[in-house]
Amino acid sequence: MESTPTPPMKETPCTSHLYPALKSFFAGKMGGILSSCNSPNKYRRLDPKLDRRFVEAIKQRAASGQHTFKSINSIIMKFPQFREGLRNIKSVFEQYDEDSNETIDREELKKCLQKLQVHLTEKEIADLYDSCDVDGNEGIQFNEFIVLLCLIYLLMKPTSTSNISRMGSPQVEATFDTIVEAFLFLDNNSDGKLNKKDVVRALNEASPGEKSPGHITTSRFREMDWSKSGKISFKEFLFTFINWVGFEPDDVREISILDK
């Protein structure tokens, strides 16, 4: 007996004319690389003191009043530009990967921070390094480096002259600034953490015609909430956002983070 074909998903006015990435996002098809991690410490929290510094940095950005995005759709429509911006970071990674083994070790990270004139304690450097080494292989791979460098960027003080780049690459900084804006769109109360209510609200507003938005939005939130705490840090958001963007350069090994 022939099986009855599954009827195609009904397109809503808000998705029918947009990029395939938008349809895939709301159909729940963007989580392909989120699988079991071999490391026993697949999620490591930042030291509370360092975490507070990142929260304060996010709050300062929110207080600036510069908000780029008005909807989740506008963020997803920017995915191609995000991918291009992340590719620009590859040159930064190669610059600091002195032994060309496709990872940044602790000594290379220290040299990176010195060149960027980022002043952190030894403990803060170690904590930041360990928390971004999600697969526990004692080396920061490229996807991990994107997150690490963005966190470092948040800690850096703005230059006194607006046309001077803090990291030596205006393109890289522009990418990080836009990612921060995407986080701030979801951080409705500007407290530096994402909660389920705000994330679900933002996603439901973007797809009001979906028959079962609750299932989709809950899945999206769970992808970000690695610690299962109900609150999403900027670091958690960053790793998941890279996956959502679909950044998979041929020479970069995928990072697995969540249990299926």
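## Alanine 57 and its surroundings

Alanine 57 counts as buried, with a relative accessibility of 9%. In this predicted model, alanine 57 has its place in helix α2, which covers residues 48-63. Although alanine 57 and leucine 154 are 97 residues apart in sequence, their C-alpha atoms are 6.2 Å apart in space.

## Overall architecture

The protein chain contains eleven helices and two strands, and, read along the sequence, these elements follow the pattern α-α-α-α-α-α-α-α-β-α-α-β-α. Of the 260 residues in the protein chain, 50% are buried, while the accessible surface of the protein chain comes to about 13500 Å², with 49% of that area belonging to carbon and sulfur atoms.

Contacts across the sequence can be described in a similar way: when contacts in the protein chain between residues at least 6 apart in sequence are considered, 71% of them join residues at least 24 apart.

## The nonpolar core

The largest nonpolar core has 68 residues, and the members that touch the most other members are Phe145, Phe234, Phe237 and Phe241. Helix α7, residues 142-155, gives the most to this core, with twelve residues.

For phenylalanine 241, leaving aside residues up to four places away in sequence, the residues touched are Ile75, Phe79, Phe82, Ile179 and Ala182. Two of these partners, Ile179 and Ala182, are listed with the buried residues of α8.

## Aromatic pairs

A search of the whole structure finds eleven aromatic pairs. In one of them, the rings of phenylalanine 82 and phenylalanine 241 have their centres 4.9 Å apart and their planes at 85 degrees, and the pair is therefore edge-to-face. Because phenylalanine 82 lies in helix α4 (residues 79-96) and phenylalanine 241 in helix α11 (residues 234-245), this pair ties together parts that are 159 residues apart in sequence. Phenylalanine 82 and phenylalanine 241 are both buried.

Phenylalanine 93 and phenylalanine 145 also form an edge-to-face aromatic pair, with 5.3 Å from centre to centre and 70 degrees between the planes. This pair links distant parts of the chain, since phenylalanine 93 is in helix α4 and phenylalanine 145 is in helix α7, 52 residues apart. Phenylalanine 93 is buried with a relative accessible area of 3%, and phenylalanine 145 is buried with a relative accessible area of 1%. Elsewhere, ring pairs link Phe79, Phe82, Phe183, Phe234, Phe237 and Phe241 into a cluster.

## Helices α8 and α11

Helix α8, made up of residues 170-186, has 17 residues and reaches 25 Å from its first C-alpha to its last, which is close to the 24 Å expected at 1.5 Å a residue. This helix is mostly covered, with twelve of its 17 residues buried. Among the buried residues of α8 are the aromatic residues Phe176, Phe183 and Phe185, and the buried set also includes the charged residues Glu173 and Glu181.

Helix α11 has twelve residues and reaches 16 Å from its first C-alpha to its last, close to the 16 Å expected at 1.5 Å a residue. Twelve of the twelve residues of α11 are buried, so this helix is largely enclosed by the rest of the structure. The buried residues of α11 include Phe234, Phe237, Phe239, Phe241 and Trp244, together with Lys235, Glu236, Thr240 and Asn243. After α11 comes glycine 246, whose phi is positive, near 80 degrees.

## Cysteines

With a disulfide taken as a pair of cysteine sulfur atoms within 2.5 Å, the count comes to zero disulfides. The sulfur of cysteine 132 has its closest cysteine sulfur in cysteine 150, and because these two sulfurs are 10.0 Å apart, they are too far for a bond. Seen from the other side, the closest cysteine sulfur to that of cysteine 150 is in cysteine 132, again at 10.0 Å.

Neither cysteine is left open at the surface by the criterion used here, as cysteine 132 counts as buried at 0% relative accessibility, and cysteine 150 counts as buried at 1% relative accessibility.

Definitions and conventions
Residues are numbered from 1 along each chain as its sequence is written. This is a predicted model: local features need pLDDT of at least 70, side-chain atom pairs count only at pLDDT 80 or more; totals for chains, interfaces and linings use all residues. Side-chain values use heavy atoms; hydrogens and water are left out. Helices (H or I, at least four residues) and strands (E, at least two) are DSSP runs, numbered from the N terminus. Buried means under 20% relative accessible area, exposed over 50%, partly exposed in between (1.4 Å probe, protein chains only). Contact means heavy atoms within 4.5 Å. Accessible areas come from the Shrake-Rupley method with a 1.4 Å probe; for residues, only the protein chains shown count as cover. The expected span of a helix is 1.5 Å times one less than its number of residues. A nonpolar core is a set of buried Ala, Val, Leu, Ile, Met, Phe, Trp, Tyr and Cys residues joined through side-chain atoms within 4.5 Å. Rings of Phe, Tyr and Trp (its six-membered ring) pair if their centres lie within 6.5 Å; planes under 30 degrees apart count as stacked, over 60 as edge-to-face and the rest as tilted.
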